[in-house]
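Work through the exercises below with the sequence and the coordinates open. Try each task before reading its solution.

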Amino acid sequence: MASSFSKLEAEALKLSVEERVQLADHLLASVSTEPDVDAAWAEEVERRVAQVEAGAPLVSLEDAVARARRAIQ
């Protein structure tokens with residue numbers, strides 16, 4: 001089994017970034033127990049990617065963490 005896994009992993013790592021993301025998405029979906037939740041997350045991710053690609057301003061990690069901390073205080 002380990003040998004088959006290693007071979008499969010090596011082949012998967014040869015894929016483009018986009019193909020690896022798609023493969024990972026398909027693999028995760030195959031073990032999910034809540035398809036409605038997964039579909040909602042997929043829609044949200046697509047919506048956010050579209051916003052970024054359209055030029056939405058991005059927030060640094062530090063700013064996001066600071067905002068979150070202020071919001072819960």
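**Exercise 1. Give the volume of the largest pocket and find what lines it.**

Solution. Keep in mind that this is a predicted model.
Step 1: take the volume. The largest pocket holds about 390 Å³ of space.
Step 2: go to the lining. It is made of 13 residues. Nearest the centre lie Asp25, Asp38, Trp41, Ala42 and Val45.
Step 3: assign the lining to helices. H2 (17-31) supplies at least two of the lining residues, and so does H3.

**Exercise 2. Decide whether Trp41 is buried or exposed, and find the surface patch to which it belongs.**

Solution.
Step 1: place the residue. Trp41 sits in helix H3, which covers residues 35-53.
Step 2: apply the cut-off. Exposed means over 50% relative accessible area. Trp41 has 55%, so it counts as exposed.
Step 3: look for nonpolar partners. Val37, Val45 and Val49 join Trp41 in a nonpolar surface patch. The area of this patch is about 370 Å².
Step 4: link back to the pocket. Trp41 and Val45 are also among the residues nearest the centre of the largest pocket.

**Exercise 3. Count the salt bridges and trace the network around Glu44.**

Solution.
Step 1: count. The structure has 3 salt bridges.
Step 2: take Glu44 with Arg47. Their side chains meet at 2.5 Å, N to O. These residues are 3 apart in helix H3, which means a separation of about one helical turn.
Step 3: take Glu44 with Arg48. Here the closest N and O atoms are 2.6 Å apart. Both residues lie in H3, 4 residues apart, again about one turn of the helix.
Step 4: combine. Glu44, Arg47 and Arg48 form a network of salt bridges.
Step 5: check exposure. Partly exposed covers the range between the cut-offs of 20% and 50%. Arg47 has 41% relative accessibility, so it is partly exposed. Arg48 has 48%, so it is partly exposed too.
Step 6: add a distance. From Arg47 to Glu18 the C-alpha atoms are 17 Å apart, with the two positions 29 residues apart in sequence numbering.

**Exercise 4. Find the salt-bridge partner of Lys14 and state how exposed each residue is.**

Solution.
Step 1: find the partner. Lys14 bridges to Glu11, with 3.0 Å between the closest N and O atoms.
Step 2: classify Lys14. Its relative accessible area is 63%, so Lys14 is exposed.
Step 3: classify Glu11. Its relative accessible area is 47%, so Glu11 is partly exposed.

**Exercise 5. Set the spans of H3 and H4 against the expected values, then ask how many residues of H4 are buried.**

Solution.
Step 1: take H3. This helix has 19 residues. From first C-alpha to last it reaches 27 Å, close to the 27 Å expected at 1.5 Å a residue.
Step 2: look past the end of H3. Gly55 follows the helix, and its phi is positive, near 100°.
Step 3: take H4, residues 61-72. The helix has 12 residues and reaches 17 Å, close to the expected 16 Å.
Step 4: test H4 for burial. Buried means under 20% relative accessible area. Of the 12 residues of H4, 0 are buried, so H4 lies largely in the open.

Conventions
Residues numbered from 1 in each chain as written. Predicted model: local features only at pLDDT ≥ 70, side-chain atom pairs only at ≥ 80, totals over all residues. Heavy atoms only, no water. Patch = residues over 30% accessible without salt bridge, like charges linked within 9 Å, V, L, I, M, F, W, Y side chains within 5 Å. Areas by Shrake-Rupley, 256 points an atom, 1.4 Å probe, with all protein chains shown as cover. Salt bridge = Lys/Arg side-chain N within 4 Å of Asp/Glu carboxyl O. Buried < 20%, exposed > 50% of the residue type's maximum accessible area, 1.4 Å probe, protein only. Expected span 1.5 Å × (residues − 1). 1 Å grid on protein atoms, 1.4 Å probe; cavity = no way out; pocket = protein on both sides within 12 Å on 5 of 7 lines; lining within 4 Å. Points joined across faces, edges and corners; volume = space filled by probe spheres on them.
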